[in-house]
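Visitor: I'd like to look at this protein with you and ask how each label is earned. Can you show it to me?

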Amino acid sequence: YSPERINPGDTEHTIRKIKKITSGSNLKTLNKVDELYSLIIDAGTHKVSSIRIAEAAKVIENAQRDINIAFINELTKIFSVMNLDTHEVLEAAETKWNFLPFKPGLVGGHCIGVDPFYLSYKSKELGYYPEIILSGRKINDSMSSFVFSRIVDLMNKKNLDLNSSSKVLVLGATFKENCSDIRNSKVFDLVNNFISIGISVDVYDPHVKREEIKKEYGVDSLLELPQKPLYDVIILAVGHNEFLEMNSKLRDLLVKEGIIFDIKGLLPKDLVDGRL
C-alpha cells in the first residue's frame, strides 16, 4: 500500500518530485512495492512498518492542513468584526520566518474536507473524542454561510435588492484553482444560499464541462461570460488563472452599484468591494 500524494493543478510538485510512503502486509511485499516506486519517484521513498502507519500518515497530512486553514478562517471571522483586513494582517505576520503561510477560504475536495472524519470516527470508536480535528471541520464547513452573510451585508449597504431582481455571478466551480475536480466543492453551498432567498445565480468555470456540474449539483453553468453589464454581485470563488487575468474587465459585467467579492484575496485590493 502506498497512499496518494497528488496535488491537482500543481505543476511544480508532480508525482516524481514527491517522496512516496511505501508499506505492505509483510516484508516481502513492502520491498517489492518500494522497489517498484523507486523506479519512477526521483524524490525517493519512505518505508514504514505497516499499512496502518502509512494510512495514518496520509490522514494526518490532510487533517493538519485542514486545522491550519480553520485557524486562519477563524481569524478571518474575528478580523471581520474588528474591521481589519485579514490579508494585510497575514502579509505582516508572514514576514517572520516561521509563520506558516495559510490563507482563508472554502475548504472542499475529496481529501482535506474528508480525511479528518476518518480519523475522528476511529478515534471516537475507541473512546477518545478528538476536539481540535472536529472543531476545525466545523469552522471550515461554516465558511460558505459566512461568505454569504458578508456579501448580503454589502448588498444591503449598497441598497441592492435581495430578491429575484438581483443576479449573482460565481467565478469557479472546482474545489481548488487550475484543476477540473468538483468533488465536494463548497462553492455550491454558497450558490444554494443565494438560491434559497430567490436570487438568480450564474456559475462559470472554463475548467469543467457544463454537464458535469449539472449532473453533480443540478446547476446550469455558463458556456461563456456575457459581454454587457448584467450582475449585481460577482464572486471570485476559485483562483483560476483565467479569472486573475480579467482584473478590471470584471467591472464591465457589473451594474452601476455592483459588488465584487474576492474569496481568494487574489484580485487587486482597489478593484474589489470585499474579500475574506
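Guide: Sure, and one yardstick comes up all the time: buried means under 20% relative accessible area, exposed over 50%, and partly exposed in between, with a 1.4 Å probe and protein chains only. Keep in mind that this is a predicted model, where local features need pLDDT of at least 70, side-chain atom pairs count only at pLDDT 80 or more, and totals for chains, interfaces and linings use all residues. Residues are numbered from 1 along each chain as its sequence is written, and side-chain values use heavy atoms, with hydrogens and water left out.

Visitor: Why is Leu 84 called partly exposed?

Guide: Its relative accessible area is 40%, and that falls between the 20% and 50% limits, so Leu 84 counts as partly exposed. You'll find Leu 84 in the loop between α2 and α3. Helices (H or I, at least four residues) and strands (E, at least two) are DSSP runs, numbered from the N terminus.

Visitor: What makes the nonpolar surface patch there?

Guide: Ile 78, Val 81, Met 82, Leu 84 and Val 89 make it, covering about 430 Å². Patch residues have over 30% relative accessible area and no salt bridge; nonpolar side chains (Val, Leu, Ile, Met, Phe, Trp, Tyr) are joined within 5 Å, like charges within 9 Å. The areas come from the Shrake-Rupley method with a 1.4 Å probe, and for residues only the protein chains shown count as cover. Leu 84, at 40%, passes the 30% limit, so its area fits the patch rule.

Visitor: Why is Pro 101 called exposed?

Guide: Pro 101 has 57% relative accessibility, and the label needs over 50%, so exposed is right. Pro 101 belongs to the loop between α3 and α4.

Visitor: How do you know that Arg 5 and Glu 61 meet in a salt bridge?

Guide: The rule asks for a side-chain nitrogen of Lys or Arg within 4 Å of a carboxyl oxygen of Asp or Glu. For Arg 5 and Glu 61 the N to O distance is 2.6 Å, so the pair qualifies. This pair links distant parts of the chain, 56 residues apart: Arg 5 is in the segment before β1 (20-22) and Glu 61 in helix α2 (residues 51-81). Arg 5, at 26% relative accessibility, is partly exposed, and so is Glu 61, at 30%.

Visitor: What about Asp 85 and Arg 275, are they buried or exposed?

Guide: Both are buried. Their side chains form a salt bridge at 2.9 Å, N to O.

Visitor: What makes Glu 125 and Lys 122 a salt bridge?

Guide: Their N to O distance is 2.9 Å, inside the 4 Å limit, so they pass. Both lie in helix α4 (residues 115-125), three residues apart, about one turn of the helix. Glu 125 is partly exposed at 47%, and Lys 122 is partly exposed at 41%. Elsewhere, salt bridges that share partners join Asp 66, Arg 137, Asp 141, Lys 186 and Asp 189 into one network. The count by this rule comes to 15 salt bridges.

Visitor: Why do Cys 111 and Cys 179 not form a bond?

Guide: A disulfide is a pair of cysteine sulfur atoms within 2.5 Å. The sulfur of Cys 111 has its closest cysteine sulfur in Cys 179, 11 Å away, so the two are too far for a bond. The structure holds zero disulfides. Cys 111 is buried at 15%, and Cys 179 is buried at 7%.

Visitor: Why is the pair of Phe 188 and Tyr 217 called stacked?

Guide: Rings of Phe, Tyr and Trp (its six-membered ring) pair if their centres lie within 6.5 Å; planes under 30 degrees apart count as stacked, over 60 as edge-to-face and the rest as tilted. Phe 188 and Tyr 217 are at 3.9 Å centre to centre with 10 degrees between the planes, so the pair is stacked. Phe 188 is buried at 2%, while Tyr 217 is partly exposed at 25%.

Visitor: And what makes the pair of Tyr 204 and Phe 243 tilted?

Guide: The planes are at 50 degrees and the centres 6.1 Å apart, so tilted is the label. Tyr 204 is buried at 14%, and Phe 243 is buried at 1%.

Visitor: How do you know that Lys 20 lies over the face of Tyr 37?

Guide: A charge sits over a ring if NZ of Lys or CZ of Arg is within 6 Å of the ring centre and within 35 degrees of the ring normal. Lys 20 is at 4.7 Å from the ring centre of Tyr 37. Likewise, the charged end of Lys 96 sits over the ring of Trp 97, 5.5 Å from its centre.
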